[in-house]
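This report describes one protein chain from its fold down to single side chains. The sequence and the structure come first.

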Amino acid sequence: MKGLNLVLIFIIGFFFTSCEVYEDLDVEEIKSVKIGTIKDGKLNLKITADVLNPNAYGIKLKETDLQVFLDDNFMGTAHLNSPVKLLRKQTKAYTFDVEVGLEKGVMAKLITLALKKEVMLKVKGDIKAGVMGISKTLKVSKTKTIDPAILMQR
């Protein structure tokens, strides 16, 4: 019985230290942004993006609390509506069901930004992720240049 406890402690310790050897995920390309309903100042989006998970284990994205900026204009705060499991050691297209609490006056900003050839998308905040039943909150700050036409898809 003592030997079993030691093995269990070793396995748990291994998983906790494995989470520390975490390689950053990479959003390689935003394929599409489908605009859903706008209700009570909240916008529902379906975002499809190619995401690389370079880790040797799958990662489940559980929750987000991300501030979204387009060309340094605050658009709102994004929350993941349902968890997404990222497969290990591969790039794959994933669809994220997201709700964005919109900032007042954001529609006028979007119309102005839609006329540009490219805009800087910046997200920063927290993502709660899980690996093998162990959850961890990760700080995120990413910036990417996108074509604003992608935001006009329905």
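The text below covers the overall fold, the strand pairing, the salt bridges, the nonpolar core and two individual residues.

**Overall fold**

The model is predicted. Its protein chain holds 2 helices and 8 strands. In sequence order these elements give the pattern α-β-β-β-β-β-β-α-β-β. Of the 154 residues in the protein chain, 32% are buried. The accessible surface of the chain amounts to about 9800 Å², and carbon and sulfur atoms account for 59% of that surface. Among contacts in the chain with a separation of 6 or more, 66% are between residues 24 or more positions apart.

**Strand pairing**

Strands E1 and E2 run antiparallel and are joined by 10 bridges. One residue of this pairing is Ile 30, whose bridge partner in E2 is Ala 49. The hairpin of E1 and E2 has 2 residues between the strands, and Asp 40 in this hairpin takes a positive phi near 55 degrees.

Strand E2 also pairs with E6: these two strands run antiparallel, with 12 bridges between them. Here Asn 53 has Gln 90 in E6 as its bridge partner.

**Salt bridges**

How many salt bridges does the structure hold? The count is 5, and the table gives three of them.

| Acidic residue | Basic residue | Closest N to O distance |
|---|---|---|
| Asp 50 | Lys 31 | 3.4 Å |
| Asp 97 | Lys 46 | 3.6 Å |
| Asp 126 | Lys 139 | 3.0 Å |

Lys 31 and Asp 50 form a salt bridge with the closest N and O atoms 3.4 Å apart. Lys 31 belongs to strand E1 (residues 26–39) and Asp 50 to strand E2 (residues 42–53), so this salt bridge ties together parts that are 19 residues apart in sequence. Lys 31 is partly exposed, at a relative accessible area of 40%, whereas Asp 50 is buried at 14%.

The salt bridge between Asp 97 and Lys 46 has its closest N and O atoms 3.6 Å apart. This pair links distant parts of the chain, with Asp 97 in strand E6 (residues 90–102) and Lys 46 in strand E2, 51 residues apart. Asp 97 is partly exposed, with a relative accessibility of 22%. Lys 46 is also partly exposed, with a relative accessibility of 41%.

Asp 126 and Lys 139 meet through their side chains at 3.0 Å, N to O. Because Asp 126 lies in strand E7 (residues 119–131) and Lys 139 in strand E8 (residues 134–146), the salt bridge ties together parts that are 13 residues apart in sequence. Asp 126 is partly exposed at 23% relative accessibility, while Lys 139 is exposed with a relative accessible area of 71%. Elsewhere, Glu 29, Lys 31 and Asp 50 are joined into one network by salt bridges that share partners.

**Nonpolar core**

In soluble globular proteins, nonpolar side chains tend to be buried together. In this model the largest nonpolar core has 33 residues. Which residues have the most contacts inside this core? They are Val 51, Ile 59, Leu 61, Leu 70, Leu 86, Phe 96 and Ile 146.

Leu 61 can serve as an example. With its neighbours within four places in sequence left aside, Leu 61 is in contact with Leu 25, Leu 80, Pro 83, Val 84, Leu 86, Phe 96, Ile 127, Lys 128 and Ala 129. Two residues in that list, Leu 86 and Phe 96, are also among those with the most contacts inside the core.

**Two individual residues**

Thr 64 sits in strand E3 (residues 59–70). Is Thr 64 buried or exposed? Thr 64 has a relative accessible area of 14% and is buried, because the cut-off for buried is under 20%. Its side chain reaches the backbone oxygen of Ala 78 at 3.2 Å. Not counting residues up to four places away in sequence, Thr 64 touches Ala 78, His 79, Leu 80, Asp 126 and Ile 127. Asp 126 in that list is the residue that forms a salt bridge with Lys 139.

Ser 82 lies in the loop between strand E4 (73–80) and strand E5 (84–86). With a relative accessibility of 30%, Ser 82 is partly exposed. Ser 82 and Val 98 are separated by 16 residues in sequence, and their C-alpha atoms are 8.0 Å apart in space.

Methods: Residues are numbered from 1 along each chain as its sequence is written. This is a predicted model: local features need pLDDT of at least 70, side-chain atom pairs count only at pLDDT 80 or more; totals for chains, interfaces and linings use all residues. Side-chain values use heavy atoms; hydrogens and water are left out. Helices (H or I, at least four residues) and strands (E, at least two) are DSSP runs, numbered from the N terminus. Buried means under 20% relative accessible area, exposed over 50%, partly exposed in between (1.4 Å probe, protein chains only). Contact means heavy atoms within 4.5 Å. Accessible areas come from the Shrake-Rupley method with a 1.4 Å probe; for residues, only the protein chains shown count as cover. A salt bridge is a side-chain nitrogen of Lys or Arg within 4 Å of a carboxyl oxygen of Asp or Glu. Two strands pair if DSSP finds at least two bridges between them. A polar contact is a pair of N or O atoms within 3.5 Å; within protein, one must be able to donate a hydrogen and the other to accept it, and residues adjacent in sequence count only if both atoms are side-chain atoms. A nonpolar core is a set of buried Ala, Val, Leu, Ile, Met, Phe, Trp, Tyr and Cys residues joined through side-chain atoms within 4.5 Å.
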